[in-house]
Amino acid sequence: MYGRSPKEIKEGIIKITPSLKTYQKDCERVCKIFSRRLKMLKDERSMTLEEIADTLGISRQSIIYYIMGDRIPKVPILIQIAKMFGTSVDFLLGVSNKRW
């Protein structure tokens with residue numbers, strides 16, 4: 001940015017914007033996939049939100065955010081969720097359709 005004209009800066013921003021939009025769409029897609037799969041696994045095991053939260057040592061509200069598709073957990077919690085349900089992180093995030 002240093003020593004660049006406003007036009008160069010503006011063009012740089014324009015070039016970055018499509019990547020940012022793609023990133024945001026990818027994040028939304030991953031959140032939706034994770035949400036559906038977590039809900040499916042929860043229902044298959046007939047687990048309550050409280051049971052999942054207690055097992056993971058996190059709040060019930062965090063589980064609600066995950067199931068609603070508003071957030072995805074940080075990596076350590078994601079790994080714990082995968083272990084708890086006997087599946088892979090790849091499956092949870094939609095990288096793979098293989099559950100085990």
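## Close-ups of a five-helix model

Right after H2 comes Gly-57, with a positive phi near 75 degrees. This is a predicted model, and the views below go through it piece by piece.

**View 1. The whole protein is built from helices, five of them, with zero strands.** Reading from the N terminus, the order is simply α-α-α-α-α. Of the 100 residues of the protein, 32% count as buried. The accessible surface adds up to about 7,200 Å², and carbon and sulfur atoms hold 57% of that. As for contacts with a separation of 6 or more, 56% come from residues 24 or more positions apart.

**View 2. Helix H2, residues 49-56, with its buried side chains picked out.** Four names to look for here: Leu-49, Ile-52, Ala-53 and Leu-56 are the buried residues of the helix. Look down the axis of H2 and these residues fall within an arc of 95 degrees, so they line one face of the helix. Just past the end of H2 sits Gly-57, the residue with the positive phi.

**View 3. The largest nonpolar core, 23 residues in all.** Phe-34, Leu-56, Ile-63, Ile-81 and Phe-85 have the most contacts inside this core. H1, H2, helix H3 (60-68), helix H4 (75-85) and H5 each give two or more residues to the core. Which helix gives the largest share? That would be H4, with six residues. Leu-56 turns up here as one of the residues with the most contacts inside the core, and Leu-56 is also among the buried residues of H2.

**View 4. Phe-85 and the residues around it.** Set aside the neighbours within four places in sequence, and Phe-85 is in contact with Leu-38, Leu-41, Lys-42, Arg-45, Met-47, Ile-52 and Trp-100. One of these partners, Ile-52, is a buried residue of H2. Another, Lys-42, is found in helix H1. Phe-85 itself is listed among the residues with the most contacts inside the largest nonpolar core.

**View 5. Lys-42, a lysine in helix H1.** Is this residue buried or exposed? Lys-42 is buried, at a relative accessible area of 15%, and the cut-off for buried is under 20%. Not counting residues up to four places away in sequence, Lys-42 touches Met-47, Leu-49, Ile-52, Ile-67 and Phe-85. Two of these, Leu-49 and Ile-52, are buried residues of H2. The side chain of Lys-42 also meets that of Asp-43 in a salt bridge, 3.4 Å from N to O.

**View 6. A salt-bridge network made of Lys-39, Lys-42 and Asp-43.** Salt bridges that share partners join these three residues into one network. Lys-39 pairs with Asp-43, and their closest N and O atoms are 3.0 Å apart. Both residues lie in helix H1 (residues 6-44), four residues apart, which is about one turn of the helix. Lys-39 is partly exposed at 39% relative accessibility, and Asp-43 is partly exposed with a relative accessible area of 39%. Lys-42, on the other hand, is buried at 15%.

**View 7. Arg-99 and Glu-44, a salt bridge between distant parts of the chain.** How many salt bridges does the whole structure have? The search finds four, and the one shown here joins the side chains of Arg-99 and Glu-44 at 2.5 Å, N to O. Arg-99 is in the segment after helix H5 (89-93), Glu-44 is in helix H1, and 55 residues separate the two. Arg-99 is partly exposed, with a relative accessible area of 22%, and Glu-44 is partly exposed too, at 46%.

**View 8. Cys-27 and Cys-31, two cysteines without a disulfide.** Why is there no bond between Cys-27 and Cys-31? The sulfur of Cys-27 has its closest cysteine sulfur in Cys-31, 6.7 Å away, and that is too far for a bond; a disulfide needs the two sulfur atoms within 2.5 Å. Seen from the other side, Cys-31 is in no disulfide, with the sulfur of Cys-27 as its nearest cysteine sulfur. Searching the whole structure turns up zero disulfides. As for exposure, Cys-27 is partly exposed at 32% relative accessible area, whereas Cys-31 counts as buried at 12%.

Conventions
Residues are numbered from 1 along each chain as its sequence is written. This is a predicted model: local features need pLDDT of at least 70, side-chain atom pairs count only at pLDDT 80 or more; totals for chains, interfaces and linings use all residues. Side-chain values use heavy atoms; hydrogens and water are left out. Buried means under 20% relative accessible area, exposed over 50%, partly exposed in between (1.4 Å probe, protein chains only). Contact means heavy atoms within 4.5 Å. Accessible areas come from the Shrake-Rupley method with a 1.4 Å probe; for residues, only the protein chains shown count as cover. The arc is that of the directions from the helix axis to the C-beta atoms. A nonpolar core is a set of buried Ala, Val, Leu, Ile, Met, Phe, Trp, Tyr and Cys residues joined through side-chain atoms within 4.5 Å.
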